[in-house]
Amino acid sequence: MIELDRSSSQPLYRQVYERLRHSIMSGQLKAGQRLPSTRTLASELAVSRNTTSWAYEQLFAEGYLHSTVGRGTIVAPQISEGLLSVSPVTARQSPTQKDTPVLSQLGNTIVQSQTIPATRPGKPKPFRSGISALDAFPYHLWEQLLIKRAKNSMTLITDYQQTVGYQPLREAIALHIGVTRGVRCQAEQIIIVTGSQQALDLAARLFLNPGDLAWVEEPGYFGTRNALQNTGAILAPIPVREEGMDVQVGREHYPHARLAAVTPSHQFPLGVTMSLKQRFALLEWAHQTNAWILEDDYDSEYRYSGRPLEALQGLDRGQRVICIGTFSKVLFPSLRLGYLVVPPALIDHFTTLYRSVSVHAPILEQAVLTDFMQEGHFARHIRRMRSLYHTRRDALVQAIQNEIGNKVQFQVPETGMHMVIWLPWSMDDVAITQQATSQGLEVYPLSQLFLNPTGQRPGLLLGYGAFNEEEIRTGVRQLAKVLR
Ligand SMILES: Cc1ncc(COP(=O)(O)O)c(C=O)c1O
């Protein structure tokens with residue numbers, strides 16, 4: 001029953017092992033059935049004795065075979081009928097009703113309410129948003145820093161590390177955000193995590209009970225919504241207007257919320273900056289009601305004109321703001337490094353929770369990032385990228401004006417790596433997105449970023465950070481065709 005493929009790249013001992021294992025699993029070889037000796041099988045198959053010995057040893061080790069005095073090698077008697085009748089599950093098989101795993105109530109809610117689009121491997125297509133200029137990253141420099149650290153410091157950093165993160169990195173971040181973002185903090189207040197998503201998750205778990213209300217921006221970031229909903233909290237959509245989240249609406253309709261999640265420097269997705277008036281109103285509400293504010297400062301580094309407003313955290317005198325930063329936009333998303341800036345009274349609470357969730361973020365990457373920052377490459381990279389994104393933004397705006405004209409409306413973004421175009425009311429942005437996908441584009445329908453999409457003006461989210469000018473122009477020409 002064993003046929004070997006001598007032209008295969010799979011070694012013969014492995015083939016013998018797999019054929020025998022398959023025969024046992026499929027019931028061709030029954031429990032208790034006797035097998036030939038390794039010598040006999042080797043001669044029957046015209047292979048070396050080593051080959052059959054290795055296969056048998058592996059099957060013994062895994063419990064498929066037994067050796068008995070007098071009868072030699074037999075198929076293990078305790079391999080149950082049930083096990084043998086189980087057909088191998090392939091990853092693609094969809095579970096039947098009976099196979100559906102029994103989850104907790106919260107587990108079910110989480111699985112059913114998640115709206116994060118699946119990450120798509122491969123080169124991003126125009127106009128995937130949220131991706132930095134991966135074509136312009138200083139890979140060689142990063143590689144050199146990585147090799148240097150791996151060579152010189154590995155023996156010092158292979159043990160478990162501090163949960164709060166690598167101390168020199170915490171110091172470098174505190175210095176950077178103090179100068180560039182007006183965040184007022186000591187390095188001790190910084191906790192390094194694996195990206196903003198984890199920061200949002202930790203904060204949500206610490207502050208929200210099931211059934212609590214949490215203000216979210218409408219439209220807003222799905223990652224934030226998912227993290228808050230995972231705790232069983234109820235989302236309260238607060239409209240975003242020209243001055244950012246309309247705090248008055250929140251105060252009127254959901255005054256007892258426990259938390260507000262905002263992107264004040266560059267609202268996601270609309271791109272507006274929260275005015276000072278709204279910032280003070282938000283802080284005042286939080287102080288009066290003892291609510292928490294999660295400030296997601298995800299891409300404020302790239303402002304092309306005007307003066308950036310400093311982080312909300314810098315205005316907070318009452319220790320109500322948790323500021324969240326990420327290196328996903330400013331460097332690259334798979335780095336999976338970000339940070340929380342927490343009020344001093346909460347450092348231990350966050351650290352205790354984080355220790356039980358993740359112990360700490362990967363240390364080698366933290367060390368390399370520290371070098372990247374301390375040696376001045378980080379500041380230089382930001383300067384280079386700001387100018388590149390500026391050019392790419394201009395190319396996108398110009399191409400839309402040339403190819404699509406006044407069919408759509410938009411505000412020229414002053415910061416970041418994406419923009420929103422508003423479509424005519426008669427269009428369906430989900431249908432347009434599907435057609436754009438079939439043309440090799442990756443746009444995102446704005447309606448999907450609303451908790452209540454009905455009655456919202458259709459629009460598309462276009463990322464421009466990851467595409468060169470030619471790709472942008474070609475992409476807009478294709479989009480124009482789709483819209484026509
Ligand atoms: C509003 C917002 N926050 C945060 C992030 C980054 O998340 P992470 O740091 O988990 O990669 C994104 C990425 O698209 C975003 O759009």
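## Around the ligand

In this predicted model, a polar side-chain atom of aspartate 296 sits 2.6 Å from a nitrogen atom of the ligand. Serine 328 also reaches in with its side chain, placing a polar atom 2.6 Å from a ligand oxygen. Glutamine 197 uses its backbone instead: a polar atom there is 3.1 Å from an oxygen atom of the ligand. On its own the ligand would expose 400 Å², and the protein buries 89% of that.

Who else is in the neighbourhood? The residues around the ligand include Gly195, Ser196, Tyr221, Phe268, Tyr298, Thr326, Lys329 and Arg336.

## Domains

Zooming out, the domain assignment splits the chain into domain 1 (12-84), domain 2 (137-377) and domain 3 (380-483). Measuring over C-alpha atoms is how the centres of domain 1 and domain 2 come out 57 Å apart.

## Salt bridges

How many salt bridges does a search of the whole structure find? The count is 14. One of them pairs arginine 128 with glutamate 442, with the closest N and O atoms 2.6 Å apart. Arginine 128 belongs to the loop between α5 and α6, while glutamate 442 belongs to the loop between α16 (429-438) and β12 (444-445), so you have to travel 314 residues along the chain to get from one to the other. To put two phrases above more carefully: the 57 Å between the domain centres is a computed value, and the 314 residues simply describe how far apart this salt-bridge pair is in sequence. Both arginine 128 and glutamate 442 are buried.

Another pair is aspartate 212 and arginine 258, whose side chains meet at 3.7 Å, N to O. Aspartate 212 is in the loop between α9 (196-207) and β4, and arginine 258 is in the loop between α11 (247-253) and β7 (259-262), so this bridge ties together parts 46 residues apart in sequence. Aspartate 212 counts as buried because its relative accessibility is 14%, whereas arginine 258, at 29%, is partly exposed.

Arginine 393 and aspartate 394 make a salt bridge too, with their closest N and O atoms 2.9 Å apart. Is arginine 393 buried or exposed? Arginine 393 is buried, with a relative accessible area of 9%. Aspartate 394 is partly exposed at 37%.

## Backbone oddities

Most residues other than glycine have a negative phi, and most peptide bonds are trans. Here are some exceptions. The peptide bond from proline 126 to phenylalanine 127 is cis, with omega near 10 degrees, and phenylalanine 127 is in the loop between α5 (105-113) and α6 (139-152). Glutamate 218 and proline 219 are also joined by a cis peptide bond, with omega about 5 degrees. You can find proline 219 in the loop between β4 (213-218) and α10 (222-229).

Now for phi. Alanine 46 isn't a glycine, yet its phi is positive, at about 55 degrees. Its place is the loop between α2 (38-45) and α3 (49-61), and alanine 46 is exposed, with a relative accessible area of 57%. Glutamine 319 has a positive phi as well, near 60 degrees. That residue lies in the loop between β8 (292-296) and β9 (321-326) and is partly exposed at 39%.

## A surface patch

Which residues form a nonpolar patch on the surface? They are Leu276, Phe280 and Leu309, and together they have about 250 Å² of accessible area. Leucine 276 is in helix α12 (residues 276-289) and is partly exposed, with 43% relative accessibility.

Key:
Residues are numbered from 1 along each chain as its sequence is written. This is a predicted model: local features need pLDDT of at least 70, side-chain atom pairs count only at pLDDT 80 or more; totals for chains, interfaces and linings use all residues. Side-chain values use heavy atoms; hydrogens and water are left out. Domain bounds come from an automatic or database domain assignment. Patches are made of residues with over 30% relative accessible area and no salt bridge: like charges are joined within 9 Å, nonpolar side chains (Val, Leu, Ile, Met, Phe, Trp, Tyr) within 5 Å. Accessible areas come from the Shrake-Rupley method with a 1.4 Å probe; for residues, only the protein chains shown count as cover. A salt bridge is a side-chain nitrogen of Lys or Arg within 4 Å of a carboxyl oxygen of Asp or Glu. Helices (H or I, at least four residues) and strands (E, at least two) are DSSP runs, numbered from the N terminus. Buried means under 20% relative accessible area, exposed over 50%, partly exposed in between (1.4 Å probe, protein chains only). A residue is near a molecule or strand if one of its heavy atoms lies within 4 Å of it. A polar contact is a pair of N or O atoms within 3.5 Å; within protein, one must be able to donate a hydrogen and the other to accept it, and residues adjacent in sequence count only if both atoms are side-chain atoms.
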